[in-house]
Amino acid sequence: MTSFKKIAFYILFLVAPLFSNTLIEIYKNEGITKVQEYFEKQLQSRSFWREYLKNKDVSLGYYENVDSLIICDKESRKINIFKKDGKELYYQVTHDVLVGKNGDKVKEGDKKTPVGVYDITKRFVPGDKFYGPLAYSLSYPNLLDKLKGKNGHGIWIHGYPVDGDKRDSLTKGCIVIKNPFLKKLDETLKNDKKIVTIIAEKMIKKVTKDDISLILSELYRWKSSWKKSDIDAYLSFYDKNFKRYDGMGINSFSKLKKRIFSK
């Protein structure tokens, strides 16, 4: 059996509770290729995703490859930790934190904690004990930050001075946790490979299953338009203010894609 067929049968097994009879009949009468076509069409449907998500809690978003989620609310100066158990995120604990000045970080030295979604890129022991016993580096600036012209670096989650020096009520942009809690956090995260940190000015708004269903179905519609070389449908997904990762604007991007699709 080819690898594609193995994947297709695996998909068939996973989605069987949703529409198993339909898929089985298609496979019996028309073969595995038609099953793939049917399934790809379903992935472009909001109703499919609403059914798929109906028993899942997606109020904090939809995650497939995340082990833990850290949410920092700058207004209340708290972080909430969620841990992945199977396919669901479960609340673990809340800690008080120090953050920078109000508002989103824009440039080096503005002493603001950035607002956005960041990966933890590494765990390390700071060379200066002022930053506590350990630290986590965040992926600021991310691609969106760079496209918005933001700069700066060295945004961490770290602790209080090891020697007991007092901290100000604000930081220069990092998220600061008291050392005993930082060590507990480290114990919680120690085996995780993928940790995402969401930093918000205020408590993030809950999302709905309809929100996630719309995003996922549109994502697969975009993928289908690319696969079929439907340039008009493909470009309809891009805003007039779109910028590619390298700064290319929508007009140059459209011309480039039209040349590629024509081949």
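## Strand β1 and the loop before it

Strand β1 (68-73) runs parallel to strand β8 (residues 195-200), with six bridges between them; two strands pair if DSSP finds at least two bridges between them. Helices (H or I, at least four residues) and strands (E, at least two) are DSSP runs, numbered from the N terminus. This is a predicted model, in which local features need pLDDT of at least 70 and side-chain atom pairs count only at pLDDT 80 or more, while totals for chains, interfaces and linings use all residues. Residues are numbered from 1 along each chain as its sequence is written, and side-chain values use heavy atoms, with hydrogens and water left out.

Here are the two pairings of β1 together:

| Partner strand | Sense | Bridges | Residues opposite |
|---|---|---|---|
| β8 (residues 195-200) | parallel | six bridges | Asp73 and Ala200 |
| β2 (residues 78-85) | antiparallel | six bridges | Ser68 and Lys83 |

The hairpin of β1 and β2 has four residues between the strands, and Arg77 there adopts a positive phi near 55 degrees.

How enclosed is β1 by the rest of the structure? Largely, because six of its six residues are buried (under 20% relative accessible area; exposed is over 50%, partly exposed in between, with a 1.4 Å probe and protein chains only). Ser68, Ile70 and Cys72 cover one face, and Leu69, Ile71 and Asp73 the other. In a regular strand the side chains alternate between the two faces of the sheet.

Now to the loop between α3 (46-53) and β1, home of Ser59. Ser59 counts as buried because its relative accessibility is 18%. Beyond its neighbours within four places in sequence, Ser59 is in contact (heavy atoms within 4.5 Å) with Lys205, Lys206 and Val207.
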